[in-house]
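Hi there,

Here is the structure I promised to send you. Have a look around it first, and then read on for what turned up.

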Amino acid sequence: MPSILCLIDDKHVPLYRVMWVSAVPHFCGAEDCLCEGLYEVRLEQDESVWAKREERDRLLEAIEHWQGGLDVDEEDWE
Ligand SMILES: [Zn+2]
């Protein structure tokens with residue numbers, strides 16, 4: 001059964017909350033930036049989580065899989 005949750009930066013993020021996923025790693029030049037080299041995953045309500053490259057790749061795969069699986073019986077999703 002496909003999961004609608006994806007683990008990003010220690011958070012289980014529901015795929016349906018993802019608005020977009022960055023194609024390039026974050027860089028802003030700030031010395032104290034903790035997100036540099038990470039990929040921004042934008043969620044609803046102006047929230048963001050920061051994914052490592054592998055996490056982002058897994059997330060994209062999960063989203064594609066999830067969208068392709070819309071014919072899954074909804075009763076199996078609980
Ligand atoms: Zn930054």
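**What sits in the core**

In this predicted model, the largest nonpolar core has 12 residues: Cys6, Ile8, Val13, Leu15, Val18, Val21, Val41, Leu43, Val49, Ala51, Leu59 and Ile63. Two or more of these core residues come from each of strand 1 (5–8), strand 3 (18–21), strand 4 (39–43), strand 5 (48–51) and helix 1 (53–67). As background, nonpolar side chains in soluble globular proteins tend to be buried together.

Leu43 is a nice residue to click on. Beyond its neighbours within four places in sequence, Leu43 touches Val13, Arg17, Val18, Met19, Ser48 and Val49.

**The chain as a whole**

The protein chain has 5 strands and 1 helix, and along the sequence they run β-β-β-β-β-α. Of its 78 residues, 28% count as buried. Among contacts with a separation of 6 or more, 45% join residues 24 or more positions apart. The accessible surface is about 5,800 Å², and carbon and sulfur atoms account for 50% of that.

**The zinc ion**

Which protein atoms are the donors of the zinc ion? They are NE2 of His26, SG of Cys28 and SG of Cys33, at 2.0 to 2.3 Å from the ion. Along the chain, the donors follow the spacing H-x1-C-x4-C.

Are His26 and Cys33 buried or partly exposed? Cys33 has a relative accessible area of 19%, so it counts as buried, because the cut-off for buried is under 20%. His26, with 22%, is partly exposed.

Enjoy exploring!

Conventions
Residues numbered from 1 in each chain as written. Predicted model: local features only at pLDDT ≥ 70, side-chain atom pairs only at ≥ 80, totals over all residues. Heavy atoms only, no water. Donors = N, O, S within 2.8 Å, 3.2 Å for Na, K, Ca; no water. Buried < 20%, exposed > 50% of the residue type's maximum accessible area, 1.4 Å probe, protein only. Helix = DSSP H or I, 4+ residues; strand = E, 2+ residues; numbered from the N terminus. Contact = heavy atoms within 4.5 Å. Areas by Shrake-Rupley, 256 points an atom, 1.4 Å probe, with all protein chains shown as cover. Core = buried A, V, L, I, M, F, W, Y, C linked by side-chain atoms within 4.5 Å.
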